[in-house]
Structures are given as structure tokens and as C-alpha cells.
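Reader: I am in my first year and still learning how to read a protein model. Could you take me through one part of this one slowly, with the aromatic rings as the main subject?

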Amino acid sequence: AGVCHHTNRLVNERSPYLLQHAHNPVDWYPWGQEAFDKAKEENKLIFLSVGYSTCHWCHVMEEESFKNREIGEIMNKNFVCIKVDREERPDVDKVYMTFVQATSGGGGWPMSVWLTPDLKPFAGGTYFPPEDGVHRVGFRTALLRIAEQWKENKDVLLEYSQKILEALLHRSEIHVQGQDSPPPFKEVMATCFHQLSSSYDKDYGGFSKSPKFPTPVNMNFLFTYWALHRSTPEGAHALQMALHTLKMMARGGIHDHIGQGFHRYSTDEHWHVPHFEKMLYDQGQLAATYSRAFQISGDEFFADVARDILLYVSRDLSDQGGGFYSAEDADSYPIITSSEKREGAFCVWAAEEIQALLPDLVEGAMDGTTLGDVFMHHYGVKETGNVSPMKDPHQELKGKNVLIVQSSPELTAARFGLEPGQVDALLQEGRQRLFAARAQRPRPHLDTKMLAAWNGLMISGFAQAGAALAKQEYVSQAAQAAAFLQRHLFDPKSGRLLRSCYRGKDNTVEQSVVPIQGFLEDYVFTIQALFDLYEASLEQGWLQWALQLQHMQDKLFWDPRGFAYFSTEAGDSSLLLRLKDDQDGAEPCANSVAVTNLLRAACYSSHMEWVDKAGQILAAFSERLRKMPITLPEMARATSVFHRTPKQVIICGDPQGEDTKEMLHCVRSVFSPNKVLMLADGDITGFLYCQLPFLASLERKDGKATAYLCSNFTCSLPVTSAQELRGMLCL
């Protein structure tokens, strides 16, 4: 009671996550000088809480502790309290997460850390329950004990925090050791392949028991491995692992069969019961991965999944200005009058709801069969619910069903005496009716901040799908989003990217009072997006911007001593460590993608220093790539692109000519992991001809669109048949 009367400084912030805490009885500050000064002046410890808006346990800790007036008073009296949205400030998150993981052996969000007034961490953890339990200290006790220690043993704490910082600096350094050459690519690729094979689940796909994450980086590694070993049993196995995993994910409950798109991860090994939040970075990477799976296999199943993801993003995560929102939450109110949110409420179904929505008798089926019967059989719906109590500790899904494809259209058809074609139509009708019914439910919270990095991943998804599926509207949507980035997340005066912008009142786009400058990942994923967009649209303006951003990235983040890029710029005194990420996880790490970006940039510019930098990144991560490449599958993949040198595929022709279009279609329909496509349109005053003077010497043979394959600026003989070109690309 009375919680609403409180208002703290977060009310002036733009981040949806910070705004969710603006009426807590805690005197929250955003990360910044005002809070640091207060801690120093009053000689108080800082309590730092880091989370994000779709984090289930963050909501729980807020409900239990941060909305509790008494706990709020303890916090305000003893600490300067700072709240951070990790998606806005991945730099702050990373520094203190490195500490929490090093000292507690685990990490996650909400992250709770206590700092000295000069920002050095000395105690921390993740979620704390409000009161003491049998095995864990409650939040109230932790607050009181730490406040007491600061009063009694200030000097000991300060000394301890200094020792911790020195240990962290030592632990977190990634640099070239002795040998400064990249590791041998065959060994890295082979090791990564064997490590993935041995962790592969051959029944359900995926590379862990549970929880199971989509990890597009693993599929992309396997596709590249296959392309290099097409005729060997290992190559065939690599492709089979990737395609089987993608099929099982698409049939599973992690895939939203009614509202499209993918949830963040599955809590079980069958891809059945997910955590229901939907993240933009997953949709972007998965759209690209399913498009590649279609390109390689020709199986329309994968093209359909890619279309489904892009439909979801266009409808539910798109800003009218062209940018993409960050995420949709897992928790929502089951019905409009509900007083508390439940996880998955928006997405799950009781059997009787489905029967009531789909009561029609099915023509030609066995007696009395309704549309509901066919639908429930196909999607594994049970009268008592299909979620095992083991996977539902809070009983939020009791009696409910998470749809999962349990049968093929052929088997469902046979079960009810129908034709498979009829079954497809019936299921589609069922899905549409459930979609309309679901639209009446209260929607989960939408995080409307727009991040440069994640927008970059999504632009790549639209651009790659547009190219592989030959859908111009996807390419146009990618271009609109890139124009949005240029307009709202780029400062043309300084040439720098910004991290984030926000949906304001009346759908305007707003910026924070002090905009957050872009981090390494913002540059890397945006540059990758611009290269993908150029290859899909052949608009040279995107290339020009990509190369400009690559120069800026080198200037702001490159480590000339230890090689590779730091995640953050130099010169921010509030950051204790300048770190380099070293894991390809739910998102690839920025240095991994930077390797391929640098090689592509060199192909478009003849700026060979970029090739050297790519090799230096691989050298800096050499030890990890040789021993545990499974933690860096995207960088392992890039090792092969580096050693085999990208192929410049140059089409000389009139962009509007049918013969040019046929050649381009051929290039885009073949999966070739180290190709770099460019169009030489004959305009020698254009950007590409200025960057690559040798293009002027390539001509159209007999006036027809002509392809050249060039490597290290040495070109093949001209080819004018798409069939012949296809053969060369598959080598």
C-alpha cells in the first residue's frame, strides 16, 4: 500500500526497465556522476542492481524487496542505490558480472553488487529472497550485515576491494602471447567440429541437455564446416546436425506456432517448455540462419520459418520509423481483470479453449472429428495440460498446453482418414482462429528501446532472407532500418554511433539527455548489417558508410599492444576494467564477427591493413581457439575464411538487365561462406571503382553480363553462364 506515492530519479530516464522502478520506495539513481559524488561526499557504500525488462527474476526481486517500504528504508539509509539496464550499459554489466562470476562461481540477473565509494566491488550475488531461508541469506540480512561491516571495518573492506580489482585485471586480460600468428585453421575447425559432435543431442538436436538455447553461432559454424568438407562423412554429419536441430526447434514450443517468432530458450531437452520472452537478437540471427538452411537444402520448410520470424518482427517489434524494439516480456496478465502476471499466460492454452474455438466438424474425416480434434492431436494438446510439473515449479502452467508439433501432416492425416493437403489447410485455419482469440488477451510488456547492435543483427536477418529467398520487400525493410540507424543512432559530425534511442510520446523517437555512445558490438553488428545489405541491394552508399564506421571502430577500440578490440572506449573513469569478450553465446562476441567484417572491408577497399588486423585478432585468441573452440564457434568459422581468403565475386553488367539479374540470383542462391559479392555497373566515377581501380579492367564479354572470381586481386577467366558460375562457387 502507498507504494505509488514514491517517485525517484528514474522517472527522468528513457529506458523502459529503469522506468519500471521509478515508483519504488528506494531512492534509485541512474549510473552517473550524481550518484558517484553523493557516495564520496557522504562516504557511503553503493548498492548496484543490474537487470533488464524481460528478466523474470528481476520482476520477482522488485516485487519482494524493492517495493517493500521497510527494505527501501534500510537501502536509503545505508547506501547510494544505483539501477542499471544491462542492455543500455553492457559495459557496466560486464565489469561487475566478471566480479560476481569470479567470486561466486555463477552469474545472472538480477545482479546485486556492493561497491566502495570509488566503485570497486567487494560483495555480490544475483537474486536474493527478501528474508533468510534455510540455505541462503535474505536481502534484508545482507544489507544490514554489509552496512555494519562498513561501519566497523572500513579499511579492511577497502584493502580487500583493491586486491579483488588487481586479481580481476590479471584474469580478464586477453592478448597475444609470444607467437603472433593465427592458429592453423584445419586444426581449429576439426577441434570445434568434434567438440560440437560430442555434445550433440541426436534425438532432439541442440548441443546441451537442458536448458537449450537456439545458439545460431553453432549452426553457422556447421554450415561452413560442411561447405569445406562437402564430400566427406564428417561434412555430411555437420550439415545433418545443423538441419536436424533447426527442424526440432521449429517444431518445438520454443517456436510460437500462433504468434510467430522464437522464445529465448527451452527449459527442457525437447525444445518444449520455454522461458517465454522474445528477444530481437534471436529473431535477427535465426532469420539469417533459417535462410541459409534453405539456401543449402532447398527445403521450403526452412524458408517458411524465416518468413514466420520476419512476419513477427514486422508486426510486433517494428517502430513506424523503421527501427526495431528490443524484446517482449514472458509475464503477462492472464485476463484483463487479473491482479498478477503469470509467465507464458499470453501463449498457452487450455484444451477446452481450443475445443470451443474449433468446434466445426471436418468434412471427409472419421465420424464426429472436429477441427479441434485434428489441431490438438497435431500440436500435442492434452486435456489435463501438456507441461510436466517438473518444468513448472510455480504451477503457473498447470492445466495449460504449450503447442509442440508432435506429428507430421501425413501421420495426422492418416489418423483421421484425411489427405495431407487438407490437414495443412485445417491447421492453418486453426492457427488463425487461435491468433484472433489470443489478440483479446492482455499483451506482455514491450521493451521499446532501440539498440544499434541488435538493430544491426535484425537488418542482417532481413537482408540475408531477402537475398536467399529472393524477396525484395525484405531487402527494402532492411534498408529502411539502416536509414533509421543513420538518422537516429549516428552522429554525422563526430562520425560515431550511439548505443540507444527510445520510442517517445506519439510514436516519436527520443534520445536520452546525455546519449550513450556506441560500444564495440554496436559498430561490429552495424558494419556486418551494412555489408549484408549491400550484397542484397547493391546500393553503394551502405558500403561507404560501413568502411567509414570500420575506421572509427579501429580508432576507438583497437588494442595496439595486445591486439583485438576492447568492448569499450578508453577514458571512462567510472569503468574499472577495459574488457574483451571471449565467448560466442546467444549473440556472437564482437571480435569474432569483426574478423569477417575486416576481411570483407579489405575486399571492398584494397586496404590491406584490415587483413593484418583480422589475423591479429585470431592470434590474440589463439590459445582458446586451439583448446576450446566450442566456446568461440563464430571465431573458429572466421579462421577458415581468413586462411582461405575471401573470393570477390564480381558481376559486370547493367543492374537492370535480365542477364545481370540471372547472374546475381545464381550467386545469392548458393551458400559459399567466403564469397564477397559486388556489382561493377560500369560507372567508373562510383564509390567502388574509386576504391578498387582494377574493376575498370574487367569487361562484359560479348556485351553480356559477365562474372569474375577474384582472390587477392587476381581474377579468373570471365564467365557468362549462370550454370558455370554456380559450379565455380561450390568449389
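Reader: Before the rings, what share of the contacts in the protein with a separation of 6 or more is accounted for by residues 24 or more positions apart?

Author: This is a predicted model, and in it residues 24 or more positions apart account for 69% of the contacts with a separation of 6 or more. The secondary structure of the protein comes to 27 helices and 21 strands. Its radius of gyration is 27 Å, close to the 27 Å that the globule rule gives for 731 residues, so the protein is as compact as a globular protein of that length. Of those 731 residues, 60% are buried, and along its principal axes the C-alpha trace spans about 85 × 75 × 50 Å.

Now to the rings: a search of the whole structure finds 31 aromatic pairs. One of them joins F223 and F671, whose ring centres lie 6.1 Å apart with 70° between the planes, an edge-to-face arrangement. This pair links distant parts of the chain, since F223 belongs to helix α9 (residues 216-228) while F671 is in the loop between α25 (658-669) and β19 (675-680), 448 residues apart. Both F223 and F671 are buried.

A second pair, made by F375 and Y379, has its ring centres 4.7 Å apart and its planes at 45°, so the pair is tilted. The cut-off matters here, because only planes over 60 degrees apart count as edge-to-face and those under 30 degrees count as stacked. F375 has a relative accessible area of 1% and is therefore buried, and Y379, with a relative accessible area of 3%, is buried too.

Rings can also gather in groups, as W28, F47, F66, W114, F128 and F139 do in forming one aromatic cluster. W28, a member of that cluster, also has K83 lying over its face, at 5.2 Å from the ring centre. In another place, the charged end of R230 sits over the ring of W226, 4.5 Å from its centre.

For a contrast with the buried rings, look at I336, which lies in the loop between β10 (331-332) and β11 (342-343). The relative accessibility of I336 is 70%, so this residue counts as exposed. Leaving aside residues up to four places away in sequence, I336 touches Q440 and P442. Between the C-alpha atoms of I336 and A564, which are 228 residues apart along the chain, the separation is 51 Å.

Notes: Residues numbered from 1 in each chain as written. Predicted model: local features only at pLDDT ≥ 70, side-chain atom pairs only at ≥ 80, totals over all residues. Heavy atoms only, no water. Helix = DSSP H or I, 4+ residues; strand = E, 2+ residues; numbered from the N terminus. Buried < 20%, exposed > 50% of the residue type's maximum accessible area, 1.4 Å probe, protein only. Contact = heavy atoms within 4.5 Å. Phe/Tyr/Trp six-rings, centres within 6.5 Å; stacked < 30°, edge-to-face > 60°. Lys NZ or Arg CZ within 6 Å of the ring centre and 35° of its normal. Rg over C-alpha atoms; globule rule 2.2 N^0.38 Å.
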